[in-house]
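Here is a friendly walk through one part of a model you may want to open in your viewer. Have a look at it first, and then we can go through the details together.

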Amino acid sequence: MNNNVTKTIKRLEIAYITAISFVAIALIIGQFVTQNFFDNQKDDAKVINISGRQRMLSQKITKEALIYYNNNLDKNQQDILLNTFQLFETSHLNLIKKSNSFGFSEHYEISPKINSYYDSLDISFQKLKENISVLTRQNVDSLSKKTALNNILEAEKEFLPIMNRIVFEYEAEANVKLDLLRRIEIGVVTLSILVLLIVVFLIFRPVVRKTKSSMMQVVEMNNDLEATNEELTSAEEELRQNLEELKTSQENLMNLQAEQQKFISLVEHVDAFIAITSLEGKIKYLNAAGKRMTGLDDEYEDKIITNFYDDEILKKVIEIATPSTLENGEWNGECNIVNTTTSEVFNTLISTFLLTDSHTQKPTARAIVQTDITKRKKVEEYQKLLHTLINNISDALQVATKDGKFIYMNEVSLNRLGLEGKDITKYTVADIEPAFKEDGAWEKYIEAVKAAGTLVVRSRNIDKKTNKEFPVEVSVKYVEINDKGFMVAISRDITEQLNKEQRIQRQNEQLKIIQEYLRQKTQELEVINIALNQSTILSIADKKGHITKINDKFCKISKYTEAELTGKDHNIVNSNYHPKEFWQKMWQTITRGNTWRAEVKNKAKDGSIYWVDTVINPLFNADGKITGYLSIRNLITDKKLAEEKLLQQKNEIESAYKELKSAQKQLVQAEKMASLGQLVANIAHEINTPLGAIRSSSVSIETVLIKVLPALPNFIQALDETTLSTFNKFLVKSIHKRNTLSSREKRRIKYSLVEKFETLDVWDEEFYANLITDMGMYEEKELFMPLLDSNHPEELKKQIFEMLSELSIVIRSNHTIKEATRRAAKTVFALKSFARQEHSEEKQEVHLNKTIETTLTLYNNQIKQGIDVIRKLEDIPTFLGYPDELMQVWTNIIHNAIQAMKGKGELFVSTKKQDDKVTVSIRDTGSGIPKEIQDRIFEAFFTTKPTGEGSGLGLDITKKVVARHDGKIWFETEEGIGTTFFIEIPL
């Protein structure tokens, strides 16, 4: 007992030490992997930092090269460029060679993919180095320097993507390593827990259990000894009883085996598949019929029953039969068996049920009985096919017994007699044919059919549903089957056949009438032929177009004799007036059997010209084939001469009209050019103002960038994350500030900031107050106070605010350039829209308010000097019109208004929609129109302006444009008050 306890304690100690060792080893491995990961991460971070510096330096080199080239190769700028490239070269060589001066670890490894990027990087660097050398060399021509500059720009474009890919690859590798570290940490923790669990469950628990068992064994052994004596006594008695029961069971078993042998002998002679299987489907017994159907021999035991089923039946057994048998105790259905030797397929009816233990009532096996129904299936299929064929014939089929009762009708017969869906055995032949109602009529009919063999008669059927009666032709035959007589009748609906016979009879009668009619018409045609021969040119040609017959009129008009025309084609009178395609179309038409008609210009034998209205009809034989062509021509020479004279007069009128339109267009264009000339000076001023703003802002941006860009990388590196975040927020906020303060307000705000900074002990408070006020950030205390309160050196603080001020100037200057560009673009667009107006006969979509705004933009320089424009423009739907001409209307009226006001006053422009019309009103506050000339202002060439200032066509053109839009124009004026023009245009 003591030895067992001692062994147990030793095992516990060993288990404890083992668990602690495994955990320690796992922790050491995890620490080693973590340290290795962080070493690699530091190296990756250094490489990424160097790469970022390289990107910055490459951009700086490009900028310095551009400045150097644009400053006419200035010596100082050359030194700056070479110094920058020297920094870049040093950094590049360190990066390529992976120098220890950047702190790379000894174990640091670079992937082949990154090495390939380093090779590409080195190629771009060598290209950059060579072109820098060419650019800065003194004895190189300007073309080579320009080429070198372009190559530098190309190298920089190649350089940046490669550096980005290197940084991306390092970041990707870092993410992979981080993911691997996480997995290792999880694995270490899992391994530690697993080791502890294994130790507890495999060592601790069995040891404790064994210790407890050993202690209990001593107590239980005494109890077991006492119980064993009692059990031995009772076991002897029980053994005696079991011997008696065994003897009885052996007698019953012998009787059961005899009964089983009789059953097997009986089952072997049954002509059906009988099998007994285990619950898993293994065959335990198979009778002779089963062996024959499956192709198995006596070695069938433990073969799987489903091996004899195809895939479809196997699916049915798995999904339906087996679950149903296990649940209900039996299942019945149809199933195919495939012979494994001959591949013959047997159709069977299957019954499967469970065999249960008589004592436990639990299922022990399955019995399967399958009856071969292959022959019956084939008979059923044949019957089904025969039934389908009979039902798909167009004739009605009826079968009746000798006593007149129907035993079969196909679907056609049922539908024709209106008996579908009814029990036909209730009907007799007398129900279908009333003649058979007389006594003995049916029997006589049978005898007549027997004598004839097949009797064909015509009768009439009646639809029982609709009472519709229709004729049929019935073929009846008497047949005997198994000494039983049947009458088989096939009837066909002959309604259509009778209708055809009636139509043929009617057509014969009509034919007689037509023959008489044709005789009369022949006589009339002879009279007409005489008349046509006097007034119409007639000719008949064969299939090739050769003339075979003509009338006297043809000879008279063409001046040719009948002998000269016969055998020739109609080219003999061809005047060569019509093109080749004209005659090709004629032949295409008539050879297809169609009639061709046209007006043809012909030439007679004496050279005189005559016109004929020609109709050519194909002639057909009895087979419908073309045998020739009949030409009928009527003289139309006088008519064509009159048409030619009218056409000449029409051309003369159109020519005069075009000349008039051309003159009108020239006048309109002259007026438009006059208006355009008056606008040029104003537009030039409108464009020069934003150009000046752009020039000033671009100079500011260039000055700041030259000052800021070299120091910006080092400056950003000097800032911690918190300061850099505040710096960025301050800069973004300052972008949206607009400096609209007066000088007095600026001074007040600056002094207020100075006083506040003095209380906070801010050094050089006036410097900071000036910069913050200029940037408009005096209200953003939460942004500038953290920058002032930071622990950075005073020099860096000053640099922070100087950098913010410089960058803010760049962004605000950029906004100024954008606004100036927008204004100039708007003016140029308006001028282009006005200058590119084209007169078009086709209406276009008109945006009315847009045309007015474009015109006002063109006059902006004159208007802004002393005229206030008051707009009241409603939303006007688009409509079809001539937008370029409407812009000319607004130009004429607005130009007159500006002159009337002498550049000072108010201009009111409004648009208003009323029903399906729009009214435009333009009112000025000028001197008004004198009463004595009000009636003449729309006259062409009337003007009150000095010579050279107006042509007098402006308002005349305006009135015509409005009229062209089906509108109207009028004005209201009062001397000394002003004038209002109204233009009304339908939508």
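Which residue in strand 22 stands opposite Val918? In this predicted model, the residue facing Val918 is Ile985 of strand 22. The pairing of strand 20 with strand 22 is antiparallel and runs over seven bridges.

These strands belong to an open sheet of five, in the order 17-19-20-22-21, with mixed pairing. At the edges lie strand 17 (867-873) and strand 21, each of which pairs on one side only. From one strand to the next, the twist averages 10°. Helix 24 packs on this sheet and touches strand 17, strand 19, strand 20, strand 21 and strand 22. The direction of helix 24 makes about 25° with that of strand 20.

Now to the nonpolar cores. The largest has 37 residues, and Leu848, Leu886, Trp890, Ile894, Leu907, Phe981 and Ile983 have the most contacts inside it. The elements in this table each supply at least two residues of that core:

| Element | Residue range |
|---|---|
| Helix 22 | 848-858 |
| Helix 24 | 883-901 |
| Strand 19 | 905-914 |
| Strand 20 | 917-924 |
| Helix 25 | 954-964 |
| Strand 21 | 968-974 |
| Strand 22 | 978-986 |

Helix 24 gives the largest share, eight residues. A second, separate core has 31 residues, including Ile749, Ile772, Tyr778 and Met803.

Leu907 is a good place to zoom in. Apart from neighbours within four places in sequence, the contacts of Leu907 include Leu856, Ile867, Val869, Ile894, Ala897, Met901 and Ile922. Among its other partners are Asp868, Arg923 and Asp924.

Notes. Residues numbered from 1 in each chain as written. Predicted model: local features only at pLDDT ≥ 70, side-chain atom pairs only at ≥ 80, totals over all residues. Heavy atoms only, no water. Core = buried A, V, L, I, M, F, W, Y, C linked by side-chain atoms within 4.5 Å. Buried < 20%, exposed > 50% of the residue type's maximum accessible area, 1.4 Å probe, protein only. Helix = DSSP H or I, 4+ residues; strand = E, 2+ residues; numbered from the N terminus. Contact = heavy atoms within 4.5 Å. Pairing = 2+ DSSP bridges. Axes fitted to C-alpha atoms, helices over the stretch in contact; angles between N-to-C directions.
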